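The following note goes through one structure point by point for a colleague who has not seen it before. Please keep the sequence and the model open while reading.

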Amino acid sequence: MNPITKWSLYTSPYGYAGSYYSQLGYAGGLAVICAGNNANNYEYEIYNLGGGVVALKDTKTNWYWNSHYNDNMMLWLNIDHNFTSDQIGDEQKFKLINRGHGEVAFQCAAGHLAGQYIQVTNEGWYPVNWGFGKATVGIGHETKFKVEGDLLPILIVTNSARDLDLSGKDLSGLNLDNADLTNAVFRNANFSRVQSFQNAQFVYANLQQANFDGLSLHGANFTHADFTGTNLTKILPSSAQLSSAILAGANLTGVNLSTSNLTNANLTGAILDGANLSGADLSGADLTGASLINTIFDGAIMHHTKFIRCDLTSASFSYPPDFTRAENDRTTFLQATVPYKLLGSNWSYLDLSDAKITGIPESIANLNADYALLPDGLDLSKKDLRGASFKGSRMYELQLQQANLEKAQLAHAKLKGAKLIGANLTLANLDSAYLISESKSRVLKDSNKIEAAVLSEAFMINTNLTGAFCDGVDFSGALFFTYAGIDPDKTATAKGATMNQAKFNKAILIQAEFDGTQQGGSNFSEATMVGASFKQAQLIPASQPPNPDASFYGADIRGVDCTGANMDGLDLRSVKVSVEAGEFSNVYKDFYGNPIPVIVNYSVSVLGNTTSGTTCPDGSKGPCHL
């Protein structure tokens with residue numbers, strides 16, 4: 001039998017385990033193992049006896065470590081019937097135990113002391129009286145020995161490389177089934193010709209630049225394993241356990257990892273061109289900056305997956321893709337290039353911040369973008385988005401000029417800076433929507449920082465703005481009126497909305513509801529407001545300099561009901577009022593150019609609480625009387 005390796009064994013704080021000889025070959029002579037720095041020999045051959053058992057042989061005497069005595073490790077003792085440990089029997093067999101970081105322990109595998117360990121204790125008979133080292137080597141409790149020499153035999157014997165550094169090792173021919181390789185370092189190691197590694201535990205192993213050519217990763221556990229920069233292009237199809245694995249910068253071109261567990265895996269900067277990830281679980285995986293040319297994601301689970309700065313133009317996704325559909329742990333496409341064919345009509349909850357969405361068609365039926373984080377400034381102008389749902393969505397600075405948003409759901413949407421000039425919002429629901437920066441309070445503080453949306457010339461027939469935040473929003477020229485001919489159960493309403501310094505100049509506001517609105521400094525000059533309601537509204541000067549007054553200047557307020565409204569500071573000059581009932585009629589055109597005949601039977605105009613700060617219709621100061 002040939003030895004598997006040669007080792008020297010160091011034990012702290014005493015020094016190396018070594019062979020000490022006295023009167024070799026003579027009466028009264030002995031050979032004993034002690035720990036210290038003045039031994040005759042420190043090198044031992046290690047023999048692999050199988051089953052995790054080894055024998056250790058003194059290279060000078062060819063005598064074996066043993067458990068014959070428990071108080072001292074004697075290799076030869078002349079006075080005890082010339083005891084000589086010169087062959088391998090039960091007393092010479094020790095189970096090798098990997099303790100990591102190059103340390104091992106030895107447990108008696110057989111003999112009368114089976115189960116006990118090689119132990120090193122301070123001083124003792126031979127160190128004290130014979131000057132053999134500093135400590136006694138015997139049998140008792142476990143002592144760890146630091147190996148000096150090749151560490152690969154630890155794995156070969158024990159099937160464990162836990163916490164070992166085996167960088168650059170060639171593992172050809174090894175059977176690593178059920179091996180414990182936790183936290184081992186295999187940098188640049190060669191696994192390409194191992195027999196098998198079924199159920200091997202590579203947990204937290206460092207596998208950077210390791211060679212797995214011709215192997216499947218299936219059956220082993222690579223949780224938290226580090227493949228940074230590793231070329232895996234030649235592995236066989238693998239349904240692998242790669243949860244939380246680090247594959248940053250790894251080359252996975254053309255690799256088949258279908259149905260693999262890649263949850264929370266780090267794939268940043270990885271090359272996945274042509275890779276097959278169909279059916280894989282990529283929940284929590286980070287693919288930031290990965291190359292995804294023709295990558296296959298069909299049927300993959302992609303909850304909380306990060307596609308940051310990825311170009312998904314040629315990637316394949318079965319529809320509908322399995323993305324997160326909740327506000328927590330969104331699937332993220334920050335700064336990514338995302339084709340519309342991937343998103344389809346369901347954008348809900350996706351983080352598309354700064355993404356480039358390509359190939360958006362002119363019409364999107366049943367678009368669901370609820371609670372999505374859309375790219376700032378996304379151009380959806382002139383798109384047909386009828387019935388679309390943007391509930392709770394972030395829609396900063398969206399370009400929606402002349403877009404058709406009829407019956408769209410925009411409740412709680414965040415629309416600061418959005419451009420809706422000439423857009424069709426007929427029957428749309430903007431309940432509690434933010435048409436300004438949502439971080440601003442209900443009281444206008446700085447009109448230059450609220451980033452108000454623009455809805456000038458918008459079509460807002462029977463639109464719901466209840467509770468919306470509209471400080472500084474430009475509604476000039478908009479058609480915001482109630483028309484039963486479209487839906488008898490709907491009204492144009494902004495009840496409870498915050499509209500300080502909003503602009504309604506020349507807007508058509510027939511039978512619109514502004515009850516309970518905040519209108520500090522709002523401008524309704526030359527608006528048509530026949531039959532509108534401003535009950536309990538605050539039609540007062542703006543709270544911030546230059547504190548402009550709210551204005552109805554030149555507006556048609558026939559039949560307007562301002563019961564209970566605070567009109568302190570309101571400009572009512574040149575308004576057209578009604579002091580008796582009458583009829584108003586006109587024909588307007590909807591978004592499609594169709595005529596909308598409006599006939600309103602109005603009653604007398606009702607003013608609210610006017611004060612000396614109010615400018616009355618005739619130019620005098622209030623209180624005003626019609």
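**Notes on the model**

1. In S9, the bridge partner of Leu 96 is Phe 106. This is a predicted model, and the pair belongs to strands S8 (residues 94-100) and S9, which pair in the antiparallel sense over six bridges. The two strands form a hairpin with two residues between them. His 101 sits in that turn and has a positive phi of about 55°.

2. S9 has a further partner. With strand S12 (residues 145-148), S9 makes an antiparallel pairing of two bridges. Here Val 104 is matched with Phe 145 in S12. As for cover, S9 spans residues 103-108, and five of its six residues are buried.

3. S12 also pairs with strand S1: three bridges join the two, which run antiparallel. In this pairing Tyr 10 stands opposite Lys 146 of S12. S12 is therefore a partner of both S9 and S1, because each of these pairings reaches the minimum of two bridges that DSSP must find for strands to count as paired.

4. S1 itself covers residues 5-11 and is mostly covered, with five of its seven residues buried. Which other strands does S1 pair with? One is strand S4 (residues 44-50), paired in the antiparallel sense over three bridges, where Trp 7 has Tyr 44 as its bridge partner. Another is strand S2 (residues 15-22), also antiparallel, with two bridges. Thr 11 stands opposite Gly 15 in S2, and S1 and S2 form a hairpin with three residues between them.

5. Now the chain as a whole. The protein chain contains three helices and 18 strands. Its radius of gyration is 42 Å, whereas a compact globule of 626 residues would have one near 25 Å. Along the principal axes, the C-alpha atoms fill a box of roughly 140 × 50 × 35 Å.

6. How much of the protein chain is buried? Buried residues make up 55% of the 626 residues. The accessible surface comes to about 24,600 Å², and carbon and sulfur atoms account for 45% of that area. Among contacts with a separation of 6 or more, 36% are between residues 24 or more positions apart.

7. On charge, the protein chain has 43 positive and 58 negative side chains. The centres of these two sets lie 3 Å apart.

8. Some backbone angles deserve a look. Most residues other than glycine have a negative phi, and most peptide bonds are trans. Asn 294, which is not a glycine, has a positive phi of about 60°. Asn 294 is placed in the loop between helix H2 (152-158) and S13. Its relative accessible area is 47%, so Asn 294 counts as partly exposed.

9. Asn 366 also has a positive phi, near 60°, in a residue other than glycine. Asn 366 is in the loop between strand S16 (356-358) and strand S17 (582-589). Is Asn 366 buried or exposed? Asn 366 counts as exposed, because its relative accessibility is 63% and the cut-off for exposed is over 50%.

10. Two cis peptide bonds can be listed here. One joins Tyr 319 and Pro 320, with omega about 0°; Pro 320 lies in the loop between strand S13 (301-302) and strand S14 (322-323). Another joins Gly 622 and Pro 623, with omega about 5°. Pro 623 is placed in the segment after strand S18 (595-602).

11. The last residue to check is Val 194, in the loop between H2 and S13. Val 194 counts as buried because its relative accessibility is 7%, and buried means under 20%. Leaving aside neighbours within four places in sequence, Val 194 is in contact with Leu 171, Ser 172, Gly 173, Leu 174, Leu 176 and Leu 215. From C-alpha to C-alpha, Val 194 and Lys 169 are 12 Å apart in space, with 25 residues' separation in sequence.

Definitions and conventions. Residues are numbered from 1 along each chain as its sequence is written. This is a predicted model: local features need pLDDT of at least 70, side-chain atom pairs count only at pLDDT 80 or more; totals for chains, interfaces and linings use all residues. Side-chain values use heavy atoms; hydrogens and water are left out. Helices (H or I, at least four residues) and strands (E, at least two) are DSSP runs, numbered from the N terminus. The radius of gyration is taken over C-alpha atoms; the globule rule is 2.2 Å times the number of residues to the power 0.38. Buried means under 20% relative accessible area, exposed over 50%, partly exposed in between (1.4 Å probe, protein chains only). Contact means heavy atoms within 4.5 Å. Accessible areas come from the Shrake-Rupley method with a 1.4 Å probe; for residues, only the protein chains shown count as cover. Lys and Arg count as positive and Asp and Glu as negative; His and the chain ends are not counted. The place of a charge is taken as NZ of Lys, CZ of Arg, CG of Asp or CD of Glu.
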